[in-house]
Amino acid sequence: MGILLLFFIISITSAEIFEHNDLDTIESKTAKRYTPTWKDLDTRPLPEWYDTAKIGIFLHWGVYSVPSFGSEWFWSNWKSGDNKTVAFMNKNYPPGFSYQEFAPMFTAEFFDPDAWASLFRKAGAKYVVLTSKHHEGFTLFPSHRSFSWNAMEIGPKRDLVGELAQSVRDNNMKFGVYHSLYEWFNPIYLEDKENLFLTKEYPKTKLWPDLKQIIYNYEPSVIWSDGDWETFDVYWNSTDLLAWLYNDSPVKDEVVVNDRWGIGIPCHHGDFYNCADRYNPGKLQNHKWENAFTIDSKSWGYRRNMALNEILSIDQLLKEVVSTVSCGGNALINIGPTKEGTIAPIFQERLLALGDWLAINGEAIYGTSPWIHQNDTSNDYVWYTCTKAKYNGHRPSSAPHVSDTITAIYAIFLHWPSDNILKAANIAPYLHTGTYKIKMLGNQGYLNWIIKSGTAFITLPDKAIVTSENAWSLKFTQN
Ligand SMILES: C[C@@H]1O[C@@H](Oc2ccc([N+](=O)[O-])cc2)[C@@H](O)[C@H](O)[C@@H]1O
């Protein structure tokens, strides 16, 4: 009996061990490995968090934040003889003054990463993307290859990337980095360019070691690549980097990348597409995309001389966000912090207004999917979204985390109709089935509606008791 029991125990334990080993091998055998070709890299399913997030904050911060004149292209504009930039330098700086001399003035003495992160969280952002290095080459992290041209050695004397990454995560958001492939004035890059990109010293000795340093040290969830347009992906070695990123990097399961990886790649390859800047097609797209746009309509970097009429109003901001999400995109909203490390009150105000709106209407934004219709065909200020049930079972890569079962439809409208009646055509056939109820997010009770010649007339609540401002969401549910 004793021997039998012993045998029984041993057989259970060994069966368990065997099972575990077996599972491990099955997992490692079936874990997909990507080959460095766009065809294969394109098969990667989009990590779910990114599609759900919808709203991100984009930060352009660097030595250009010191002159903070014109745009973040200041150095290039100056050197290529742009009239306004040259006049600005002649008037305000001594002859012989170099761009490098701006770096010690990048003081960031008021930079409080927790305060920034808490502002972005209140704005309703789910991810934050910081310029780890723009085209000027100055790194906001202690690059091992950017001697005297990084924020640890000059200016702030701090690891701005590391500090912000920490605070953003403490506030339950994802952290990402913008990273420019090219550097306007890097002599190693310029030599490769001189050689018609037949030599690859710059990617080998600077670009990829730097980006790998970023990935190992900060584990970014987004790599927002830029500055790719002077040459092809073959020079940049983009597909090799991405295969490593997806197969073996510490962020392989969670990271998403955009589409700027060489001539001909934007709008064709990448986890999500930016296509052109401020891209907002107004139509449903068949691949995940992101609308990166600025609150200061004139610049990504801070401009001390921006005027109020150049700043997006809250109405314009909401229109951008709503139309983008309705068409399957994410909104990446850019602001330029100051050289002192502050965020201009006008940007704070716009972000907090967005946050207030999302606190009421976020249900119609976060985690939603595009509906059958986007912009209402009879009413151009109405945009639709919907929520879908989670997919259980096999996940098709086209719709990574949701099924086709619609659980609610949302109509977001950007103007309040003067007669208090919202008219919309595309929702009419659904209401017609008679099983839908309508409520306004943030308000109590159901709304009355009728259908006249194919258009739904929905009676809105008294505007005086409505909680939301600037834009409103109606929720349609069955029963
Ligand atoms: C986010 C922005 O990206 C690039 O600018 C671009 C890049 C691509 C296009 N494009 O494809 O239309 C337009 C502006 C940068 O040059 C600019 O400073 C900023 O960082």
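User: What makes the meeting of lysine 475 and glutamate 363 a salt bridge?

Analyst: The side chains of lysine 475 and glutamate 363 meet with N and O at 2.7 Å, and a salt bridge is a side-chain nitrogen of Lys or Arg within 4 Å of a carboxyl oxygen of Asp or Glu, so this pair fits the definition. The two residues link distant parts of the chain, 112 residues apart: lysine 475 is in strand S14 (residues 472-478), while glutamate 363 is in the loop between helix H13 (345-361) and strand S8 (382-390). Helices (H or I, at least four residues) and strands (E, at least two) are DSSP runs, numbered from the N terminus. This is a predicted model, in which local features need pLDDT of at least 70, side-chain atom pairs count only at pLDDT 80 or more, and totals for chains, interfaces and linings use all residues. Residues are numbered from 1 along each chain as its sequence is written, and side-chain values use heavy atoms, with hydrogens and water left out.

User: Why is glutamate 363 called partly exposed?

Analyst: Buried means under 20% relative accessible area and exposed means over 50%, with partly exposed in between (1.4 Å probe, protein chains only). Glutamate 363 has a relative accessibility of 37%, and therefore counts as partly exposed.

User: Which parts does the salt bridge between lysine 174 and glutamate 254 tie together?

Analyst: The closest N and O atoms of lysine 174 and glutamate 254 are 3.1 Å apart. Lysine 174 lies in strand S3 (residues 174-180) and glutamate 254 in the loop between helix H11 (238-247) and S5, so the pair joins parts that are 80 residues apart in sequence. Lysine 174, at 24% relative accessibility, is partly exposed, and glutamate 254, at 30%, is partly exposed as well.

User: Is threonine 139 buried or exposed, and what makes it so?

Analyst: Threonine 139 has a relative accessible area of 0%, and therefore it is buried. This residue lies in the loop between strand S2 (127-133) and helix H7 (160-170).

User: What makes the approach of threonine 139 to phenylalanine 141 a polar contact?

Analyst: A polar contact is a pair of N or O atoms within 3.5 Å; within protein, one must be able to donate a hydrogen and the other to accept it, and residues adjacent in sequence count only if both atoms are side-chain atoms. The side chain of threonine 139 reaches the backbone oxygen of phenylalanine 141 at 2.7 Å, and this distance is within the limit.

User: Which residues come nearest to the ligand?

Analyst: They are His60, Glu72, Trp73, His134 and His135, out of 14 residues around the ligand, where a residue is near if one of its heavy atoms lies within 4 Å. An oxygen atom of the ligand is 2.7 Å from a polar side-chain atom of histidine 60, and an oxygen atom of the ligand is 2.5 Å from an N or O atom in the side chain of glutamate 72. The protein covers 76% of the 450 Å² of accessible area that the ligand has on its own, such areas coming from the Shrake-Rupley method with a 1.4 Å probe, and for residues only the protein chains shown count as cover.

User: Why does serine 76 count as buried?

Analyst: Serine 76, in helix H4 (residues 74-79), has 15% relative accessibility and therefore counts as buried. Serine 76 and histidine 135 are 59 residues apart in sequence, and 8.9 Å apart in space from C-alpha to C-alpha.
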